[in-house]
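Work through the exercises below with the structure in view, trying each task before you read its solution. Each solution goes step by step.

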Amino acid sequence: MPSRTTPLPPPPPPPSLRSWPDEGARRADRERAVGEAGARLVGVRRLGTYLLMLLALQAAWGVFGLGLVSLVDGAMDPLTALAVILVAALGLVGLPVAVWGVVEGVRRDRVARARLLEWAALDPAPVRDPRLRAPGLSLLWLLLGFVQCAAGLWLCFAVPAAARPGSTTFAEVVFAMGAGMILWINGLLGLVKAAGHYRVAIRLGATGRPGAAGRKTG
């Protein structure tokens, strides 16, 4: 999936090819590379892609779920039923495509985090580039993840608990629980990302060394 996010810096050169004129030049390149990788992980464009994938997942599930509810609950002529089946099938086809987009985003995040740690390991000095810490964006990731998890859990548990025979159908419960699971899983990804990046940023800002905390965050 093409993206206009901040370009990922190349890996640091191997020891045999490193030719910085002095320590200051090496640290300047390190700061820039770590900052670019940090922006790639929690920047505005990455956040926009994250929310876009959530919309794609919910749209695909919504098309399929509404078609399912219509087929189960509504009496319709064969032609209308065929149209509803085709629309539901379209949503079912779009769902794995949206899931692939989410998985691809997670994979790219892992690559960017590994690149960030590679550059950070070049020097023990603390990293000062503000794009690494990004406290406002990190907090936004955390809040969005929390809100999604809360809303997802509410849909998964409150809707089935409030269902009553004759007023709520099985298809409606499945539809609500599916939407809730999408919110919960996507929110959990956001929470893990925000917490993991915060741990890495704090560690690198204090000591400049990735350490065990940086290697374990995903």
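**Exercise 1. Decide whether Cys149 and Cys156 are buried or exposed in this predicted model, and find how many disulfides the structure holds.**

Step 1. Buried means under 20% relative accessible area, and Cys149 has a relative accessibility of 9%, so Cys149 counts as buried.
Step 2. Cys156 also counts as buried, because its relative accessibility is 9%.
Step 3. A disulfide is a covalent bond between the sulfur atoms of two cysteines. When the whole structure is searched for such bonds, 0 disulfides are found.

**Exercise 2. Describe the largest nonpolar core, and state which residues Leu132 touches.**

Step 1. The largest nonpolar core consists of 21 residues, and those with the most contacts inside it are Val34, Leu116, Leu132, Trp141 and Leu204.
Step 2. At least two residues of this core come from each of helix 1 (23–42), helix 2 (44–73), helix 3 (78–120) and helix 6 (170–206).
Step 3. Leaving aside residues up to four places away in sequence, Leu132 touches Val34, Leu116, Val127, His197, Ala201 and Leu204.
Step 4. There is also a second, separate core of 14 residues, which includes Leu54, Ala60, Ala88 and Ala179.

**Exercise 3. Locate Ala134 and say what is notable about its phi value.**

Step 1. Ala134 is found in the loop between helix 4 (130–133) and helix 5 (135–162).
Step 2. Its phi is near 40°, which is a positive value in a residue other than glycine.
Step 3. Ala134 counts as buried, because its relative accessibility is 11%.

**Exercise 4. Examine the salt bridges of Asp123, Glu104 and Lys193, and state for each pair where its partners lie.**

Step 1. Side chains of opposite charge can pair when their charged atoms come close. The structure holds 11 salt bridges.
Step 2. In one of them, the side chains of Asp123 and Arg27 meet with 3.1 Å from N to O. This pair links distant parts of the chain, since Asp123 is in the loop between helix 3 and helix 4 while Arg27 is in helix 1, 96 residues apart.
Step 3. Asp123 is buried because its relative accessible area is 3%, whereas Arg27, at 32%, counts as partly exposed.
Step 4. Glu104 forms a salt bridge with Arg108, with the closest N and O atoms 3.3 Å apart. Because these two residues are 4 residues apart in helix 3, about one helical turn separates Glu104 and Arg108.
Step 5. Lys193 forms a salt bridge with Asp109, with the closest N and O atoms 2.7 Å apart. Here too the pair links distant parts of the chain, with Lys193 in helix 6 and Asp109 in helix 3, 84 residues apart. Both Lys193 and Asp109 are buried.
Step 6. Through shared partners, salt bridges join Glu23, Arg26, Arg27 and Asp123 into one network.

**Exercise 5. Classify the aromatic pairs of Trp20 with Trp119 and of Tyr50 with Trp141.**

Step 1. A search of the whole structure gives 3 aromatic pairs.
Step 2. Trp20 and Trp119 are 6.5 Å apart, centre to centre, with 70° between the planes, and this pair is edge-to-face. Trp20 lies in the segment before helix 1 and Trp119 in helix 3, so the pair ties together parts that are 99 residues apart in sequence.
Step 3. Tyr50 and Trp141 form a tilted pair, with 4.7 Å centre to centre and 45° between the planes. Tyr50 is in helix 2 and Trp141 in helix 5, 91 residues apart.
Step 4. Trp141 counts as buried because its relative accessibility is 1%, and Lys193 lies over the face of Trp141, at 5.0 Å from the ring centre.

Note on methods
Residues are numbered from 1 along each chain as its sequence is written. This is a predicted model: local features need pLDDT of at least 70, side-chain atom pairs count only at pLDDT 80 or more; totals for chains, interfaces and linings use all residues. Side-chain values use heavy atoms; hydrogens and water are left out. A disulfide is a pair of cysteine sulfur atoms within 2.5 Å. Buried means under 20% relative accessible area, exposed over 50%, partly exposed in between (1.4 Å probe, protein chains only). A nonpolar core is a set of buried Ala, Val, Leu, Ile, Met, Phe, Trp, Tyr and Cys residues joined through side-chain atoms within 4.5 Å. Contact means heavy atoms within 4.5 Å. A salt bridge is a side-chain nitrogen of Lys or Arg within 4 Å of a carboxyl oxygen of Asp or Glu. Rings of Phe, Tyr and Trp (its six-membered ring) pair if their centres lie within 6.5 Å; planes under 30 degrees apart count as stacked, over 60 as edge-to-face and the rest as tilted. A charge sits over a ring if NZ of Lys or CZ of Arg is within 6 Å of the ring centre and within 35 degrees of the ring normal.
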